[in-house]
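Before any single contact is examined, it helps to settle what can be read from the model and with what care. The paragraphs below go from a helix and its surroundings to charged pairs, rings and cysteines, and end with the confidence of the prediction.

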Amino acid sequence: EQVWRPKNRDELPQLLREPPERKLRLIGSGLSFEPIHSVYAQGSQALLVDLHHLHGQLATYLYKQLQDYKAGVRANPVMQSFADGLSDQDMADLAAYYSHQTLPSEGLAQVSEATEAVIKDGDPRRILTPCEICHGDDGQGKALDNPALAGQKASYLEQTLKDYKSGSRGNDIYGRMRTLAARLSEEEIK
């Protein structure tokens, strides 16, 4: 199992670098994550709670996640099945489409002072870098593989950190999130 890592910006499909005004071929083609989210929405509300917001997410991050689902290095039977049928260009189209949507305004979860300090300042004693170093001052995401956290559901973020901490999710480049999550307390994750 190989985690997909972009070597440089030129390795990504051209479409990821196109301006938002460009007509994406996926519009009207039926190629979308929306049906997957609709299935969850029509089923159990509990399943819907933990869905990741895709709108406004970095295109490079979404593209990498789709590559990882297809390669089987990120586990989720529904998403693996969906990604398995996608070409690289389909993945690029979806990533570009969702990246040009408005980031949701889920509202900030209430966190303890200690957790807020870790988010803003990190904790040098535990070799924890501030979350905003990689994810941006406002949680908007940055660089090639650091996703937007702003607007994400607290329950999704909590589960993601637990998965990194336990090692059940391991598609982070260089194991950065697994290393950091392992140093967080259960209270800080909640």
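A residue is called buried here when its relative accessible area is under 20%, exposed when that area is over 50%, and partly exposed in between. The structure to which these words are applied is a predicted model.

With that cut-off in hand, helix H3 is a good place to begin. In H3, the buried residues are Ala-59, Thr-60, Tyr-61, Leu-62, Tyr-63, Lys-64, Gln-65, Leu-66, Gln-67, Asp-68 and Tyr-69, so that 11 of the 13 residues of the helix are buried and H3 is mostly covered. From its first C-alpha to its last, H3 reaches 18 Å, which is close to the 18 Å expected for its 13 residues at 1.5 Å a residue. The cover comes in part from other helices, as the buried residues of H3 pack against helix H4 (77-84) and helix H5 (88-99). After H3 comes Gly-72, whose phi is positive, near 85 degrees.

Helix H4 also offers a contrast to this burial. Ser-81 has its place in H4, and with a relative accessibility of 56% Ser-81 counts as exposed, because the limit for that word is over 50%. Computed along the sequence, Ser-81 and Tyr-69 are 12 residues apart, while in space their C-alpha atoms are 8.3 Å apart.

The charged side chains come next, and the structure holds 10 salt bridges. One of them lies within H3, where Lys-64 forms a salt bridge with Asp-68 and the closest N and O atoms are 2.3 Å apart. Why can these two side chains be discussed in terms of helical turns? Lys-64 and Asp-68 are 4 residues apart in helix H3 (residues 59-71), and are therefore separated by about one helical turn. An α-helix has 3.6 residues a turn, so residues three or four places apart point the same way. Both partners are also buried, Lys-64 with a relative accessible area of 2% and Asp-68 with one of 0%.

A second salt bridge joins Lys-120 to Glu-132, with the closest N and O atoms 3.3 Å apart. Here Lys-120 lies in helix H6 (residues 113-121) and Glu-132 in helix H7 (residues 131-135), so the pair ties together parts that are 12 residues apart in sequence. Lys-120, at 37% relative accessibility, counts as partly exposed, whereas Glu-132, at 18%, counts as buried.

A further salt bridge is formed by the side chains of Arg-126 and Asp-123, at 2.8 Å from N to O. Arg-126 is partly exposed, with a relative accessible area of 26%, while Asp-123, at 8% relative accessibility, counts as buried. These two residues belong to a network of salt bridges that links Asp-123, Arg-125, Arg-126 and Glu-188.

Turning to the aromatic side chains, the count comes to 1 aromatic pair. The rings of Tyr-97 and Tyr-98 have their centres 5.0 Å apart and their planes at 85 degrees, and the pair is therefore edge-to-face. Tyr-97 is partly exposed, at 22% relative accessibility, but Tyr-98 is buried, with a relative accessible area of 0%.

How many disulfides does a search of the whole structure find? The search finds 0 disulfides, and the distance between two cysteines shows why: the sulfur of Cys-131 is 8.7 Å from the closest cysteine sulfur, that of Cys-134, which is too far for a bond. Cys-131 is partly exposed, with a relative accessible area of 30%, and Cys-134, at 25% relative accessibility, counts as partly exposed too.

Finally, confidence differs along the chain, which averages a pLDDT of 77, with 71% of the residues scoring at least 70. Among the elements of the chain, helix H9 (residues 176-182) has the highest mean pLDDT (96) and helix H2 (residues 45-49) the lowest (41). The pLDDT is below 50 over residues 19-30, a stretch with 16 contacts in the model beyond near neighbours in sequence. Over residues 35-49 the pLDDT is likewise below 50, and this stretch has 15 such contacts. Where pLDDT is low, the predicted coordinates should not be read in detail.

How values were computed. Residues numbered from 1 in each chain as written. Predicted model: local features only at pLDDT ≥ 70, side-chain atom pairs only at ≥ 80, totals over all residues. Heavy atoms only, no water. Phe/Tyr/Trp six-rings, centres within 6.5 Å; stacked < 30°, edge-to-face > 60°. Buried < 20%, exposed > 50% of the residue type's maximum accessible area, 1.4 Å probe, protein only. Disulfide = S-S within 2.5 Å. Salt bridge = Lys/Arg side-chain N within 4 Å of Asp/Glu carboxyl O. Expected span 1.5 Å × (residues − 1). Contact = heavy atoms within 4.5 Å. pLDDT = per-residue confidence, 0-100.
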